[in-house]
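Here is a short tour of the model, written to be read with the structure open beside you. Take a moment to find your way around, and then follow along.

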Amino acid sequence: MPTGVSIYPQEIFRASRHSCEAHYRYLIHYNALDRSGHFAAFEQPTLFVDDLRKASGLCAERDITRRAQAPIALRRQSARYDCTSEMR
């Protein structure tokens, strides 16, 4: 499953990029922001939305590339796990 991680400076726990890469097999986006905290969507909605859009854009780009290089049988199977449809 493609995963995006945003780290906010006022969070109680801030995972390092290294630990995220070790934990999430398909980490497509990691970003440490300079403002906000646990309630980022309420505190800094513009930053939150911009980061979410960036992650979903990367997800869409990589999914298309991965499918184009995969055999047809795998493309059909991966269509069920399209990361862009889960983010809508």
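## The chain as a whole

Of the 88 residues in the chain, 28% are buried. The chain has an accessible surface of about 6,600 Å², and carbon and sulfur atoms supply 55% of that area. Keep in mind as you look that this is a predicted model.

The chain contains five helices and two strands. Reading from the N terminus, the order of elements is β-α-β-α-α-α-α. If you take the contacts with a separation of 6 or more, 57% of them join residues 24 or more positions apart.

## Where to trust the model

How confident is the predictor over the chain? The average pLDDT is 76, and 70% of the residues score at least 70. Helix H1 has the highest confidence, with a mean of 91, whereas helix H5 (residues 83-86) has the lowest, with a mean of 48. The pLDDT stays below 50 over residues 84-88, a stretch that makes four contacts in the model beyond its near neighbours in sequence.

## The β-α-β unit

Now turn to the start of the chain. Strand S1 covers residues 3-7 and strand S2 covers residues 27-32; the two pair in the parallel sense, over five bridges. Helix H1 (residues 17-23) joins S1 and S2 in a β-α-β unit, and this unit is right-handed.

You can check the register of the two strands at a couple of positions. Thr3 sits opposite Leu27 of S2, and Ser6 sits opposite Asn31, also in S2.

## Two faces of strand S1

In a regular strand, side chains alternate between the two faces of the sheet. Which residues of S1 point to which face? Thr3, Val5 and Ile7 point to one face and are buried, while Gly4 and Ser6 point to the other and are not buried.

Thr3 is a good residue to click on. This threonine belongs to strand S1. Its relative accessibility is 17%, so Thr3 counts as buried, the cut-off being under 20%. Leaving aside residues up to four places away in sequence, Thr3 touches Tyr24, Tyr26, Leu27, Ile28 and His29. Leu27 thus appears both among these contacts and as the residue opposite Thr3 in S2.

## A salt bridge within helix H1

How many salt bridges are there? The count comes to one. It links the side chains of Glu21 and Arg17, with an N to O distance of 3.0 Å. Both residues are part of helix H1, where they lie four residues apart, about one turn of the helix.

Are the two partners buried, exposed or partly exposed? Glu21 has a relative accessible area of 42%, which means that it is partly exposed. Arg17 is partly exposed too, with a relative accessible area of 42%.

## Ser36, a residue with positive phi

One last stop lies in the loop between S2 and helix H2 (40-43), where you will find Ser36. The phi angle of Ser36 is near 90 degrees, a positive value in a residue other than glycine. Is Ser36 buried or exposed? With a relative accessible area of 5%, Ser36 falls under the 20% cut-off and is therefore buried.

Technical notes: Residues numbered from 1 in each chain as written. Predicted model: local features only at pLDDT ≥ 70, side-chain atom pairs only at ≥ 80, totals over all residues. Heavy atoms only, no water. Pairing = 2+ DSSP bridges. Right-handed = clockwise from strand over helix to strand, strands pointing away. pLDDT = per-residue confidence, 0-100. Contact = heavy atoms within 4.5 Å. Buried < 20%, exposed > 50% of the residue type's maximum accessible area, 1.4 Å probe, protein only. Areas by Shrake-Rupley, 256 points an atom, 1.4 Å probe, with all protein chains shown as cover. Salt bridge = Lys/Arg side-chain N within 4 Å of Asp/Glu carboxyl O.
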